[in-house]
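Reader: Before I rely on the terms used for this chain, I should like to see how each of them is justified. Please set the values against the definitions.

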Amino acid sequence: MVTELVHLGFSNMAAMNKVIAVISPNSAPAKRLIHECKNKGHVIDVTNGRKTKAILVMESGHVILAAISPETIAGRVVTTRKSESKDLIDERYP
């Protein structure tokens with residue numbers, strides 16, 4: 001299995017094969033999730049002091065707070081996957 005890293009800004013990356021969900025931080029349940037994880041010490045803040053725009057929920061129970069939107073993260077995943085599949089096709093059919 002290949003580990004797919006996605007850039008979250010400020011030289012930080014996350015392994016997308018370990019992400020359960022990417023959610024917006026605006027709802028009350030999302031805010032409760034952040035609060036509970038902060039109490040447990042399971043929050044990884046990669047916002048560099050900026051506003052949290054996305055929350056990545058990881059398999060390990062940790063949450064990553066990112067300063068880029070969920071749509072931007074999804075776009076980066078799609079772009080990465082398209083370039084990887086293009087590379088595979090180029091290798092098979094030179």
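Author: The answers below take the terms in turn. This is a predicted model, in which local features need pLDDT of at least 70 and side-chain atom pairs count only at pLDDT 80 or more, while totals for chains, interfaces and linings use all residues. Residues are numbered from 1 along each chain as its sequence is written, and side-chain values use heavy atoms, with hydrogens and water left out.

Reader: What makes a segment a helix or a strand here, and in what order do the elements run?

Author: Helices are DSSP runs of H or I with at least four residues, and strands are runs of E with at least two, numbered from the N terminus. The chain has two helices and six strands, in the order β-β-β-α-β-β-β-α from the N terminus on.

Reader: Why is Phe10 called partly exposed, and Ser11 exposed?

Author: Buried means under 20% relative accessible area, exposed means over 50%, and partly exposed lies in between (1.4 Å probe, protein chains only). Phe10 has a relative accessibility of 37%, so Phe10 counts as partly exposed. Ser11 reaches 71% and is therefore exposed.

Reader: What makes the backbone of Phe10 and Ser11 worth a remark?

Author: Most residues other than glycine have a negative phi. Phi of Phe10 is near 55°, a positive value in a residue that is not glycine. Ser11, also not a glycine, has a positive phi of about 65°. Phe10 is found in the loop between β1 (5-9) and β2 (12-15), and Ser11 has its place in the loop between β1 and β2.

Reader: How do you know that strand β5 is mostly covered?

Author: Five of the five residues of β5 (residues 54-58) are buried. Ala54, Leu56 and Met58 point one way from the strand, Ile55 and Val57 the other way, and all are buried. For the whole chain of 94 residues, 30% count as buried.

Reader: Why are β3 and β6 each said to pair with β5?

Author: Two strands pair if DSSP finds at least two bridges between them. Strand β3 (residues 19-23) is joined to β5 by four bridges, and the two run antiparallel; Ala21 stands opposite Val57 there. Strand β6 (residues 63-66) and β5 also have four bridges in the antiparallel sense, with Leu65 as the bridge partner of Ile55. Four bridges meet the requirement of at least two, so both pairs qualify.

Reader: What lies between β5 and β6?

Author: The two strands form a hairpin with four residues between them, and Gly61 in the turn has a positive phi of about 95°.
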